[in-house]
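The exercises below ask you to read a structure step by step, with a worked solution after each task. Please keep the sequence and the coordinates open while you work through them.

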Amino acid sequence: MSPIAAFWLWALITLIVVAVYAHFVLSTRTPAEGEDYYKAIGQLRRPLFVFLALLLLISFALSVPRLPYPRGQIPDKVVYVTAKQFAFAITEKPISTDEEFEEATTAPPIQIPVGALTEFRVTSLDVNHGFSLYDPDGKLLGQTQAMPGYVNRLFMRFDRPGTYLSLCLEYCGIAHHTMRGIFEVVLKEE
């Protein structure tokens, strides 16, 4: 569904909900006479509940398959990202010690093939950090949290070669603005 069609569908549903609320607000301004009125209103409750429950289930069933996460796909490349004040170590193997971290931050940037489904496994050695990915033009492509003792997974597919940058999006200390990491996306070797 296109964004414009989704907007108009949302606008239509919103107008219907507003109209229903307006009807009830206007109809309850004057007291009703007799018990028949309350019996009629009570009979509308169950069909309205069933209608809303079905609408919710249909919306859920139509939206879940369109979630932007790969289903059952095995990534072409796994990249390990370890954050520590004030750098990201982006490597092809997990890091668990300060020595491995220092070694990884001074190593040349890793290379990811263009078009490869890449899984970033993101963690932290000290405090929470925000791991964000930017393309060579500075456009934000995706982000996740880097948390100590936990691994977040971020799936990305890069469609053009270049040097990509990662920056911290969560204030983590006085040198937060210097926290960055880089990797290269390269054309596949034939």
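**Exercise 1.** In this predicted model, decide whether Cys-168 is buried or exposed, and then establish how many disulfides the structure holds.

*Solution.* Begin with the accessibility of Cys-168, which is 7% in relative terms, so that this residue counts as buried, the cut-off for burial being under 20%. Next, turn to the sulfur atoms: the structure holds zero disulfides, and the cysteine sulfur nearest to that of Cys-168 belongs to Cys-172, at 3.9 Å. A disulfide is assigned to sulfur atoms within 2.5 Å, and Cys-172 is likewise in no disulfide, with the sulfur of Cys-168 as its nearest, 3.9 Å away. Finally, check the surroundings of Cys-172, which is also classed as buried, at a relative accessibility of 7%.

**Exercise 2.** Locate His-176 in the fold, and find which backbone atom of Cys-168 lies 3.5 Å from a polar atom of its side chain.

*Solution.* The first step is to place His-176, which sits in the loop that runs between strand 8 (162-168) and strand 9 (180-186). The second step is its exposure: with a relative accessible area of 17%, His-176 is buried. The third step is the contact itself, in which a polar side-chain atom of His-176 is 3.5 Å from the backbone oxygen of Cys-168.

**Exercise 3.** Determine how many aromatic pairs a search of the whole structure finds, and work out the geometry of the pair formed by Phe-7 and Trp-8.

*Solution.* The search of the whole structure yields nine aromatic pairs. For Phe-7 and Trp-8, the ring centres are 5.1 Å apart and the planes meet at 70 degrees, an edge-to-face arrangement, as planes over 60 degrees apart are given that label. As for exposure, Phe-7 is partly exposed at 41% relative accessibility, whereas Trp-8 is exposed, with a relative accessible area of 57%.

Now apply the same steps to Phe-88 and Phe-131, whose ring centres are 5.3 Å apart and whose planes lie at 75 degrees, so this pair is edge-to-face. Because Phe-88 belongs to strand 2 (residues 87-91) and Phe-131 to strand 5 (residues 129-134), the pair ties together parts that are 43 residues apart in sequence. Phe-88 is buried at 5% relative accessible area, and Phe-131 is buried at 0%. To finish, follow the ring pairs outward: they link Phe-88 and Phe-131 with Phe-120, Phe-158, Tyr-164 and Phe-183 in a cluster.

**Exercise 4.** Identify which residues make the nonpolar surface patch of about 720 Å², and then examine Ile-13 and Phe-24 in turn.

*Solution.* The patch is made by Leu-9, Leu-12, Ile-13, Ile-16, Val-17, Val-20, Tyr-21 and Phe-24. Of these, Ile-13 has its place in helix 1 (residues 3-27) and is partly exposed, at 38% relative accessibility. Phe-24 is found in helix 1 and is partly exposed as well, with a relative accessible area of 36%. For a sense of spacing along the chain, compare Phe-24 with Thr-14, ten residues away in sequence: their C-alpha atoms are separated by 16 Å.

**Exercise 5.** Find which residues are joined by a cis peptide bond with omega about 5 degrees.

*Solution.* Inspecting the backbone shows that the cis peptide bond joins Gln-85 and Phe-86, with omega at about 5 degrees. Placing the second partner, Phe-86 lies in the loop between strand 1 (77-84) and strand 2.

Conventions. Residues are numbered from 1 along each chain as its sequence is written. This is a predicted model: local features need pLDDT of at least 70, side-chain atom pairs count only at pLDDT 80 or more; totals for chains, interfaces and linings use all residues. Side-chain values use heavy atoms; hydrogens and water are left out. Rings of Phe, Tyr and Trp (its six-membered ring) pair if their centres lie within 6.5 Å; planes under 30 degrees apart count as stacked, over 60 as edge-to-face and the rest as tilted. Buried means under 20% relative accessible area, exposed over 50%, partly exposed in between (1.4 Å probe, protein chains only). Helices (H or I, at least four residues) and strands (E, at least two) are DSSP runs, numbered from the N terminus. Patches are made of residues with over 30% relative accessible area and no salt bridge: like charges are joined within 9 Å, nonpolar side chains (Val, Leu, Ile, Met, Phe, Trp, Tyr) within 5 Å. Accessible areas come from the Shrake-Rupley method with a 1.4 Å probe; for residues, only the protein chains shown count as cover. A salt bridge is a side-chain nitrogen of Lys or Arg within 4 Å of a carboxyl oxygen of Asp or Glu. A polar contact is a pair of N or O atoms within 3.5 Å; within protein, one must be able to donate a hydrogen and the other to accept it, and residues adjacent in sequence count only if both atoms are side-chain atoms.
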